[in-house]
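The exercises below are meant to be worked through with the model open beside the text. Please try each task before reading its solution.

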Amino acid sequence: MMSRLHISLWGSLIALSILWLVFEPNAYTFAPFFSLRGNMVQYFGILAMGCMSIIMVLALRPRWLEGWIGGLDKMYRLHKWLGISALVLSVTHWLWAKGPKWAVGLGLLERRQRGPRPQIEPGTLESILSSLRGFAEDIGEWAFYGAAALMVLALIKWFPYRLFFKTHRLLAITYLVLAFHAAVLLKFSYWATPLGAVMGVLLISGGVAAVIVLLRRVARDRKVNGTIRDLRYHPTMRTLEIDVEVPANWPGHQAGQFAFAMSDPSEGPHPYTIASAWDASTPRLTFMVKELGDHTRRLQQKLTIGQPVTVEGPYGRFTFEDRSPRQIWVSGGIGLTPFLARLEQLAKSPDSGKQIDFFHCAAEADDGVIARLKAAASAAGVRLHLLVTPQDGLLDGDKIRTTVGEWQQASLWFCGPAGFGLSLRRDFASKGLNVGRKFHQELFSMR
């Protein structure tokens, strides 16, 4: 069964394709070549701008779409795949536009014999757009080069996040230029059709979103100013635990959700899972941050008690809500954070109708964290299974199924290394578990 992420991606491309096929009278004309070329330039341009427009709207992190697609992590995955699609489609559009000209210059293709141009009544919208065609083509080409370079940089994992954060915003500028390019060069007859209406909505929505991004107004109503109240470092796990006091206008969160936190505007916001349950009487959030990159390795030296922090959220749908009578939790390393929040929540408000087995795997045992985990599991009534990999070996589906006899009735909630999660998903799918409904995993990758 296709996920809503795949439905969103392919549905957008298919819907635009169908609209173009219906409202382009020469869609099935393959000769002469330059007629085909004109059709392909329009078609791939429409698809590319459709993808870019949706990308700009997704950059606003709309709550209504997060709910439908199953979490902001899924939305960012859709954002990434739409970006890859936009890159491929825009390159194809550019090749159809430029390639025949190169072929004519090399003598591989005969120059098109132009007939008389159709007469356009002066002063009309069509004549105004026609007069802008040359300018729109020129600036659109340069904007395409800039957008393509920025998209490629966004896909390079080793490109530093602090630079990615700054350069990625420039895509909003290139989008506005490309939206102008598309509005001028879209075949004028399309504007009187549903295809034109859809493109108009996409370009206007994308343009408004781009302006909001450039003004740094994204999710302004979901940001609060917090203060760091405590810092604890766990050297064995190379993890920094941060307690942040938030004001009364923080909306609260469910266990398993995450938030963006920013202590340095030059670095931008970073997403962290909240490792504490919400209690309005003591409005604090706990984040556990593992040293995984340049930014997280510097936090221990950069953060101080009393330092202001901007917190945005909460986000995510990894909230342990389902109708299964049993749940199996699996975490690896720092992936235990959403489960810590849920254990704390269950200790305060038990869910007596659900049996829970929690498997936590760690490369090294941190005595303090393990003691805390055992106490939290005991208070929450959750069966805890700790595995220290060097002495207990790797956890796999067979070990889980041997331990949890009625695993077929359970849903499985996973947070940890992506490869581990993919292996478990495939393993349980091969044993008949409906992973589309019962396997829950945070796709915690924001680029």
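**Exercise 1. A pocket and its lining**

Which elements each supply at least two residues of the lining of the second largest pocket? Work with the structure as a predicted model, and then describe the make-up of the lining.

Solution. Begin with the space itself, since the second largest pocket holds about 2000 Å³. Its lining is made of 50 residues, and those closest to the centre of the pocket are R37, Q42, R112, R133 and E137. Going through the lining by element, one finds that α2, α4, α5, α6 and α8 each give at least two residues, with the largest share, 12 residues, coming from α2. Sorting the lining by class then gives 23 nonpolar, 14 polar and 13 charged residues.

**Exercise 2. The length and packing of a helix**

Check whether the ends of helix α8 lie as far apart as its number of residues suggests, and then find what its buried residues pack against.

Solution. Helix α8 runs over residues 170–185 and has 16 residues, so that at 1.5 Å a residue it should span 22 Å. The expected span is 1.5 Å times one less than the number of residues. The C-alpha atoms at the two ends of α8 are 23 Å apart, which agrees with the expected value. The next step is to pick out the buried residues of α8, which are L171, A172, T174, Y175, L178, A179, H181, A182, V184 and L185. These buried residues pack against α2 (33–58), α4 (72–105), α5 (125–131), α6 (133–155), α7 (161–168) and α9 (194–214).

**Exercise 3. One serine in a helix**

Is S85 buried or exposed, and which residues does S85 touch, leaving aside those up to four places away in sequence?

Solution. First place the residue: S85 belongs to helix α4. Its relative accessible area is 16%, and S85 is therefore buried, given that buried means under 20%. With residues up to four places away in sequence set aside, S85 touches L9 and C51.

**Exercise 4. Backbone angles that stand out**

Find two residues other than glycine with a positive phi, compare their surroundings, and then locate a cis peptide bond.

Solution. Recall beforehand that most residues other than glycine have a negative phi, and that most peptide bonds are trans. R216 has a phi near 60 degrees, while A219 has a phi near 55 degrees. R216 lies in the loop between α9 and β1 (223–234), and A219 is likewise placed in the loop between α9 and β1. Their accessibility sets them apart, for R216 is exposed with a relative accessible area of 53%, whereas A219 is buried with a relative accessible area of 6%. As for the peptide bond, the one leading from G313 to P314 is cis, with omega near 0 degrees, and P314 is part of strand β6 (residues 308–315).

**Exercise 5. A pair of strands**

In which sense do strands β3 and β4 pair, and how do the side chains of β4 point?

Solution. Strand β3 (residues 258–262) pairs with β4 in the antiparallel sense, over 4 bridges. In one of these positions F260 has P271 of β4 as its bridge partner. Within β4 (residues 270–273), H270 and Y272 point one way, P271 and T273 point the other way, and all of them are buried. For T273, the relative accessible area is 10%. The C-alpha atom of T273 is separated by 23 Å from that of G381, which is 108 residues apart from T273 along the chain.

**Exercise 6. Enclosed spaces**

How many cavities of 30 Å³ or more does a search of the whole structure find, and what lines them?

Solution. The search finds 2 such cavities.

- The largest cavity holds about 130 Å³. It is lined by 17 residues, and A261, S263, Y272, L303 and V309 lie nearest its centre. By class, this lining divides into 11 nonpolar, 4 polar and 2 charged residues.
- The second largest cavity holds about 50 Å³. Its lining consists of M237, L336, H360, A362, E364, A365, D366, V369 and I370. Two or more of the lining residues come from each of β8 (355–362) and α12 (367–380).

Definitions and conventions: Residues are numbered from 1 along each chain as its sequence is written. This is a predicted model: local features need pLDDT of at least 70, side-chain atom pairs count only at pLDDT 80 or more; totals for chains, interfaces and linings use all residues. Side-chain values use heavy atoms; hydrogens and water are left out. Buried means under 20% relative accessible area, exposed over 50%, partly exposed in between (1.4 Å probe, protein chains only). Contact means heavy atoms within 4.5 Å. On a 1 Å grid over the protein atoms alone, a cavity is a set of points where a 1.4 Å probe fits but cannot get out, and a pocket is an open set with protein on both sides within 12 Å along at least five of seven lines; lining residues have an atom within 4 Å of a point. Grid points are joined across faces, edges and corners, and a volume is the space filled by probe spheres set on the points. Ala, Val, Leu, Ile, Met, Phe, Trp, Tyr, Cys and Pro count as nonpolar, Asp, Glu, Lys and Arg as charged, and the others, Gly among them, as polar. Two strands pair if DSSP finds at least two bridges between them.
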